[in-house]
Amino acid sequence: MSVLNLLTAPRNSRSGNLRFAFAILAVLVVIATASSPEFFTAQNIQNVIAQTAPLILASIGQMMVVVTGGLDVSNGAVVSLTTTLVAMPYHDAVNLSLAFGAALMIGLANGYGVARLNVHPIIMTLATMSIAQGFALLLRPIPGGDVPAWLIGAVNGNLGIIPGSLVWVVVPACAAAWLLYRRPFGVHLFAAGGNAENARLNGIKTQRIIIAAYVLSSLFAFIAGLYLAGRLSSGDAKVGNAFNIDSVMAVALGGVQLSGGVGSLLGTVIGALLVSLIGNTMNLSNISAFVQLGVKGLLLLAVVSLQRRKEIGL
């Protein structure tokens with residue numbers, strides 16, 4: 001599917017309402033530029049890219065879960081746990097294996113609980129979020145630890161003239177696009193979310209698809225955690241807390257239907273940019289962090305309220 005097709009997709013297509021997302025993005029850029037002359041400075045743009053990168057990664061994973069009609073509120077805890085494990089005083093390979101293994105187990109637990117045990121997605125992922133968050137705080141009550149120098153360099157360095165933060169986003173996003181739009185997995189994912197019964201009648205193993213979606217969500221959160229560990233140069237058991245609501249807001253703003261079956265990777269990336277720009281604009285305007293949290297909640301409520309709720313067929 002070309003970018004042009006995505007931009008002109010109708011409201012009831014599987015890509016979601018991308019025109020709405022682009023319109024909000026354009027309006028927000030105009031408002032940000034008018035409200036602060038610092039917005040279009042090279043330093044601020046670089047900061048926005050660096051700040052948005054982990055949210056884009058976590059939101060891509062969240063999008064895959066939401067397309068199935070689920071929700072993953074444990075991805076922020078996976079981000080936090082990853083940073084703490086990467087900064088442990090062991091060999092780099094051991095730390096990475098522990099972090100990857102933890103993310104994989106959380107994703108499998110979420111998927112199995114939702115798909116096989118019929119636990120509500122919010123309850124299931126809330127339980128694993130509590131476990132992961134508690135373990136992260138147990139390992140590192142306060143930020144610290146030693147992050148490998150190669151990871152710090154990979155995040156903060158450049159690949160030629162390309163910022164490292166951009167590489168961290170583009171490579172996983174391309175892998176996600178390949179899965180969603182070039183492999184049967186993508187068709188099965190949207191089918192399972194649009195109408196699970198029809199998908200089963202057409203031979204799609206919906207339970208496996210749902211489990212895979214939750215595993216991918218945790219693995220993308222793991223990548224986001226690696227990025228943040230390198231950017232902060234330390235482990236932080238609370239650094240991922242904001243991702244729980246921000247990733248959901250990003251997919252909703254990007255036109256992903258929270259009832260499942262509709263959404264796009266491009267829309268999710270735009271949604272993450274919107275969330276980041278909203279925060280950046282409020283920061284430049286010296287708006288209180290508590291007020292910002294309230295604004296985000298109201299915005300999420302407004303976007304979800306405007307979404308259509310109807311069953312999508314195969």
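Which residues make the nonpolar surface patch of about 760 Å²? The views below start there; keep in mind that this is a predicted model.

**View 1. A nonpolar patch on the surface.** The answer is Phe40, Ile45, Ile49, Leu159, Ile161, Ile162, Leu166 and Val170, which together make the patch of about 760 Å². Two helices stand out here: helix 3 (42-67) and helix 8 (164-181) each bring at least two residues to the patch.

**View 2. Zooming in on Ile45.** This member of the patch sits in helix 3. Is Ile45 buried, partly exposed or exposed? Ile45 counts as partly exposed, because its relative accessibility is 36%, and that category runs between 20% and 50%.

**View 3. The largest pocket.** Here we leave the patch and look at a space of about 620 Å³, the largest pocket. It has 22 lining residues, and those closest to the pocket centre are Gln51, Ala242, Phe243, Asp246 and Lys296. Sort the lining by class and you get twelve nonpolar, six polar and four charged residues.

**View 4. The helices around the pocket.** Which helices each give at least two residues to the lining of the largest pocket? They are helix 3, helix 11 (206-232), helix 12 (243-253), helix 13 (265-284) and helix 14 (289-306). Helix 3 may ring a bell: it also supplies at least two residues of the nonpolar patch.

**View 5. A salt bridge by the pocket centre.** The structure holds two salt bridges, and this view shows the one where the side chains of Lys296 and Asp246 meet, at 3.4 Å from N to O. The pair ties together distant parts of the chain, with Lys296 in helix 14 and Asp246 in helix 12, 50 residues apart. Both Lys296 and Asp246 are buried. You've met these two already, as Asp246 and Lys296 are among the lining residues closest to the centre of the largest pocket.

**View 6. A salt bridge within one helix.** Now for the side chains of Glu197 and Arg200, which meet in a salt bridge at 2.7 Å, N to O. Why are Glu197 and Arg200 separated by about one helical turn? Because they are three residues apart in helix 10 (residues 196-201). As for cover, Glu197 has a relative accessible area of 40%, so it is partly exposed. Arg200 is partly exposed too, with a relative accessible area of 44%.

Definitions and conventions:
Residues are numbered from 1 along each chain as its sequence is written. This is a predicted model: local features need pLDDT of at least 70, side-chain atom pairs count only at pLDDT 80 or more; totals for chains, interfaces and linings use all residues. Side-chain values use heavy atoms; hydrogens and water are left out. Patches are made of residues with over 30% relative accessible area and no salt bridge: like charges are joined within 9 Å, nonpolar side chains (Val, Leu, Ile, Met, Phe, Trp, Tyr) within 5 Å. Accessible areas come from the Shrake-Rupley method with a 1.4 Å probe; for residues, only the protein chains shown count as cover. A salt bridge is a side-chain nitrogen of Lys or Arg within 4 Å of a carboxyl oxygen of Asp or Glu. Helices (H or I, at least four residues) and strands (E, at least two) are DSSP runs, numbered from the N terminus. Buried means under 20% relative accessible area, exposed over 50%, partly exposed in between (1.4 Å probe, protein chains only). On a 1 Å grid over the protein atoms alone, a cavity is a set of points where a 1.4 Å probe fits but cannot get out, and a pocket is an open set with protein on both sides within 12 Å along at least five of seven lines; lining residues have an atom within 4 Å of a point. Grid points are joined across faces, edges and corners, and a volume is the space filled by probe spheres set on the points. Ala, Val, Leu, Ile, Met, Phe, Trp, Tyr, Cys and Pro count as nonpolar, Asp, Glu, Lys and Arg as charged, and the others, Gly among them, as polar.
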